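Thanks for agreeing to look through this one with me. Below are a few points I jotted down, meant for someone opening it for the first time.

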Amino acid sequence: MPAVGGIPAGGVPGREYPGKLTPFVTVTCIIAAMGGLIFGYDIGISGGVTSMDPFLKKFFPSVYRKKHENSSTNQYCQYDSETLTMFTSSLYLAALLSSIVASTVTRKFGRKLSMLFGGVLFCAGAILNGFAQAVWMLIVGRMLLGFGIGFANQSVPLYLSEMAPYKFRGALNIGFQLSITVGILIANVLNYFFAKIKGGWGWRLSLGGAMVPALIITVGSLVLPDTPNSMIERGKHDEAKEKLIRIRGVEDVDEEFSDLVAASEASQLVEHPWRNLLQRKYRPHLSMAILIPFFQQLTGINVIMFYAPVLFDTIGFGSDAALMSAVITGIVNVGATMVSIYGVDKWGRRFLFLVGGIQMLICQGVVTAAIAAKFGVDGNPGELPKWYAIVVVLFICIYVAGFAWSWGPLGWLVPSEIFPLEIRSAAQSVNVSVNMIFTFIIAQAFLAMLCHMKFGLFLFFAFFVLVMTIFVYFFLPETKGIPIEEMGRVWKTHWYWSRFVSTEDEHPNVQMGMAATEGIKNV
């Protein structure tokens with residue numbers, strides 16, 4: 001039996017497709033990865049503007065009053081407002097709905113069109129938010145942003161996994177997460193400076209500035225080539241082979257091309273990919289499509305990133321210092337994601353998942369103890385010493401680093417690379433939908449949970465980090481260095497999942513592909 005959760009020491013037996021990392025692929029993947037900017041910018045902006053007094057005064061006066069009442073009031077509860085929560089979380093409900101529609105668009109019309117829709121919808125939402133005069137305009141704008149994010153998050157990770165040579169797939173796919181972290185950092189820096197604008201209209205620039213990343217992905221989707229997988233899926237075989245030769249940088253692509261054609265032929269036999277997902281042989285894939293995004297949200301990272309300025313303000317940093325602390329965590333986030341890009345194809349996915357999980361667990365324990373010691377259960381900390389603030393920020397930064405080189409990028413990478421073509425669009429929609437459902441639930445519940453659970457909220461997330469780390473150790477196979485159309489083999493060699501995948505199910509594409517390759521050679 002192979003090592004727990006892994007594959008035999010010799011790796012998965014299979015062929016190695018020729019190909020190299022060409023400048024064409026590198027530039028293409030960088031442009032596509034910019035789709036993550038819109039998601040990251042929004043995560044950073046929404047937390048920042050909700051800590052700006054002019055914004056609160058105009059749209060959420062009850063929160064503004066509560067924030068500026070006697071400082072002896074319960075700090076845990078000062079931002080607890082259903083309307084404020086709806087402003088933040090309405091986006092994720094919209095993203096959930098659009099990701100389901102995006103599955104059909106991505107499958108029938110290609111990955112590029114989904115990216116284009118994502119950019120256009122996000123741009124419309126940014127304009128509405130920038131000019132908002134009432135809460136309903138903010139919430140409608142946020143929903144348009146959500147529709148855009150649903151399309152982009154559905155198509156970009158698939159595009160990157162299909163375009164990249166398998167030896168570099170991890171690093172190129174993590175470009176998506178890197179652009180999310182860059183988007184968060186840019187948003188945090190802009191919030192810091194826009195909050196200082198006299199006249200109190202800086203929040204309009206913060207919200208309206210989302211047009212810039214939206215335009216980048218919109219223009220990018222118009223100039224990007226389609227993936228060979230997507231072209232074959234739509235019957236453009238000759239164009240697909242030419243494109244594959246160009247992106248791999250070698251003439252000898254017959255073996256990989258025949259596997260892609262075989263995978264496409266297998267997928268054409270599937271009339272109902274959604275229903276197919278429920279078949280026994282796809283149990284491992286469906287489990288990962290649900291559990292990985294579920295666990296990713298329950299690391300508690302969105303609580304830190306959405307509400308970093310609010311959180312730091314609550315634990316006594318003051319509004320200006322809170323925005324600055326969010327900039328610091330943003331820088332850590334980008335730096336740690338770079339580490340993941342360097343190590344994911346060298347150390348493997350499982351190693352990063354496990355190290356990141358242990359790191360986050362330790363940090364959550366320390367932050368819980370620090371907040372409990374000063375705030376207790378009444379939420380009145382009194383005077384906070386400087387060393388205390390530094391300790392809290394330091395451990396939150398270590399926690400963010402742990403997430404940024406593990407669950408952050410790998411939560412998008414692993415699901416996008418494990419699905420066979422016949423269920424890929426549907427399964428990726430399940431992945432995005434689960435991600436958005438739990439992002440919505442946590443965004444909706446966080447401020448109320450902070451008010452009622454107090455420092456226990458961090459223990460709540462620490463429990464799930466422990467569970468997900470154990471899950472990865474036992475149930476997630478290593479996918480490093482395995483061609484995307486041969487991924488079925490990792491389930492066959494896994495100690496647990498092999499019971500769901502018979503030899504015939506292992507990957508029909510590969511068997512058909514081998515026959516097709518022989519045919520090509522005999523011509």
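1. Start with the nonpolar patch: its largest share, three residues, comes from α18. Keep in mind as you go that this is a predicted model. The patch sits on the surface and is formed by Val 339, Tyr 342, Trp 347, Phe 351 and Val 355. Together they have about 460 Å² of accessible area. Two helices, α18 (319-347) and α19 (349-375), each give the patch at least two residues.

2. Tyr 342 is a good member of the patch to click on. You'll find Tyr 342 in helix α18. Is Tyr 342 buried or exposed? Its relative accessible area is 52%, and the cut-off for exposed is over 50%, so Tyr 342 counts as exposed.

3. Next, have a look at Glu 478, in the loop that runs between α23 (456-475) and α24 (488-492). This residue is buried, yet it has no salt bridge. Which side chain of opposite charge is nearest to Glu 478? That would be Arg 349, 4.4 Å away. A salt bridge has to fall within 4 Å, so this pair doesn't make the cut.

4. Glu 478 does have backbone partners, though. Its side chain reaches the backbone nitrogen of Arg 349 at 2.9 Å. The backbone nitrogen of Arg 350 is reached by the Glu 478 side chain too, at 3.1 Å. So Arg 349 turns up twice here: as the nearest opposite charge and as a backbone contact.

5. On to the aromatic rings, where the count comes to 31 pairs. One of them is Phe 60 with Phe 87, a tilted pair with 6.1 Å from centre to centre and 55° between the planes. The two residues are 27 apart in the chain, so to speak from distant parts of it: Phe 60 is in the loop between α3 (53-59) and α4 (61-67), while Phe 87 is in helix α5 (residues 82-109). Both Phe 60 and Phe 87 are buried.

6. Another pair worth opening is Phe 475 with Tyr 496. The ring centres are 5.3 Å apart and the planes stand at 80°, so this pair is edge-to-face. It also links distant parts of the chain, 21 residues apart: Phe 475 belongs to helix α23, and Tyr 496 to the loop between α24 and α25 (508-522). How exposed are the two? Phe 475 is partly exposed, with a relative accessible area of 24%, and Tyr 496 is partly exposed with 24% as well.

Technical notes. Residues are numbered from 1 along each chain as its sequence is written. This is a predicted model: local features need pLDDT of at least 70, side-chain atom pairs count only at pLDDT 80 or more; totals for chains, interfaces and linings use all residues. Side-chain values use heavy atoms; hydrogens and water are left out. Helices (H or I, at least four residues) and strands (E, at least two) are DSSP runs, numbered from the N terminus. Buried means under 20% relative accessible area, exposed over 50%, partly exposed in between (1.4 Å probe, protein chains only). Lys and Arg count as positive and Asp and Glu as negative; His and the chain ends are not counted. A polar contact is a pair of N or O atoms within 3.5 Å; within protein, one must be able to donate a hydrogen and the other to accept it, and residues adjacent in sequence count only if both atoms are side-chain atoms. Patches are made of residues with over 30% relative accessible area and no salt bridge: like charges are joined within 9 Å, nonpolar side chains (Val, Leu, Ile, Met, Phe, Trp, Tyr) within 5 Å. Accessible areas come from the Shrake-Rupley method with a 1.4 Å probe; for residues, only the protein chains shown count as cover. Rings of Phe, Tyr and Trp (its six-membered ring) pair if their centres lie within 6.5 Å; planes under 30 degrees apart count as stacked, over 60 as edge-to-face and the rest as tilted.
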